[in-house]
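These are my notebook entries from a first look at a new structure. Have the sequence and the model open beside you as you read.

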Amino acid sequence: MTAVATPVPARTDTLPMPRLIAVELRKLADTRAGLWLLIVIGLVTAGTSAIQLGWADDESQTFTAFYTFGLLPSAVLLPVLGILSVTSEWSQRTALSTFTLVPARGRVLMAKLAAGTLIAIAATAATAVLAAVANLIAGPLGGDASWSLDSSLIWQSLLLQVIFVLMGIGFGALLLSTPLAIVIYFALPTVWTVLGEAISGLRTASEWLDLNVTSQAMTEPDMTGGEWARLAVSAAVWVALPLLLGAIRVLRREVS
């Protein structure tokens with residue numbers, strides 16, 4: 001009697017990384033919270049251009065002004081989307097299915113980081129398009145409509161968006177609770193900024209460890225070596241450290 005070979009199921013943890021990233025990108029809009037957050041980011045970004053067209057001085061209606069002001073909504077709200085990308089796995093109880101299909105949790109985390117980076121790039125590109133449209137409208141309305149933009153601002157602003165998104169993912173992975181992660185993400189850096197300004201003994205440390213302070217240099221062209229050094233130190237504290245500790249927690253936490 002001939003034995004029938006049992007098919008060996010394919011190993012889902014060897015799925016190609018591009019497919020995992022595509023899945024994580026889709027997850028960003030799978031929940032109502034994520035979908036509405038993306039819609040709000042788009043509407044508010046468009047609203048910044050409308051505000052400048054309606055109320056800003058004619059001299060302030062330039063592509064640079066539309067672009068830099070338009071980046072504010074995504075800088076504030078995209079990190080929340082990064083938080084949701086991690087915490088929703090646990091709040092929606094999808095972590096069990098996710099890590100069953102892809103047991104290598106590190107690959108899932110890497111896919112989430114890549115998806116967050118891509119959404120930051122897409123948001124920056126969309127902001128540039130909206131800024132260009134607003135600038136075209138500003139010309140006939142009497143605005144300056146200048147197209148000059150320092151090239152360093154393009155990639156500095158893009159890097160800033162990525163930093164904030166990765167920071168959100170880090171806080172989400174570290175805390176694994178959507179409300180707690182959102183509150184801590186906004187409250188803790190703000191408290192540190194206030195203390196750094198109010199207490200003279202903390203001012204020097206704040207210049208190196210306050211991401212709200214060090215990131216301001218990225219809104220100006222041609223950052224100096226010292227500004228890059230201070231940004232790197234603050235990013236290590238507020239982005240790299242939460243990502244590292246969060247990754248350890250996600251890798252070790254029992255899924256139920």
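Is L245 buried, partly exposed or exposed? I found L245 partly exposed, because its relative accessible area is 39% (buried means under 20%, exposed over 50%, partly exposed in between, with a 1.4 Å probe and protein chains only). L245 sits in helix α10, residues 225-252. I also looked up its distance to G201: the two are 44 residues apart in sequence, and their C-alpha atoms are 28 Å apart in space.

A note on the source. This is a predicted model, in which local features need pLDDT of at least 70 and side-chain atom pairs count only at pLDDT 80 or more, while totals for chains, interfaces and linings use all residues. Residues are numbered from 1 along each chain as its sequence is written, and side-chain values use heavy atoms, with hydrogens and water left out.

Entry: the whole protein. I counted ten helices and zero strands (DSSP runs numbered from the N terminus, H or I of at least four residues for helices, E of at least two for strands). The C-alpha trace spans about 90 × 50 × 30 Å along its principal axes. Of the 256 residues, 39% are buried. About 13,500 Å² is exposed, and carbon and sulfur atoms supply 69% of that (areas are from the Shrake-Rupley method with a 1.4 Å probe; for residues, only the protein chains shown count as cover). Among contacts with a separation of 6 or more, 76% join residues 24 or more positions apart (contact means heavy atoms within 4.5 Å).

Entry: α1 against α5. Helix α1 (residues 17-27) and helix α5 (residues 105-138) have axes that come within 8 Å and cross at roughly 65° (axes are lines fitted to C-alpha atoms, for helices over the stretch in contact, and angles run from 0 to 180 degrees between N-to-C directions). From α1, the contact uses M17, L20, I21, E24 and L25. From α5, the residues in contact include R107, M110, K112 and L118.

Just before α1 I looked up L15, which is partly exposed because its relative accessible area is 23%. Beyond its neighbours within four places in sequence, L15 touches L20 and R107. L15 and R107 are 92 residues apart along the chain, yet their C-alpha atoms are separated by 9.6 Å.

Entry: salt bridges. How many does the structure hold? I found five (a side-chain nitrogen of Lys or Arg within 4 Å of a carboxyl oxygen of Asp or Glu). E24 and K112 pair at 2.8 Å, N to O. That pair joins α1 to α5 across 88 residues. E24 counts as buried because its relative accessibility is 6%, and K112 counts as buried because its value is 4%.

K27 bridges to E89, with the closest N and O atoms 2.8 Å apart. Here α1 is linked to α3 (residues 63-91), and the partners are 62 residues apart. E89 is buried because its relative accessibility is 3%, whereas K27 is partly exposed because its relative accessible area is 23%. E24, K27, E89 and K112 are linked in a network of salt bridges. I also noted R26 with D30, at 3.9 Å, N to O.

Entry: a surface patch. L35, W36, I39, V40, L43 and V44 form a nonpolar patch of about 540 Å² accessible area together (patch residues have over 30% relative accessible area and no salt bridge; like charges are joined within 9 Å, nonpolar side chains (Val, Leu, Ile, Met, Phe, Trp, Tyr) within 5 Å). L43, in helix α2 (residues 32-55), counts as exposed because its relative accessibility is 59%.
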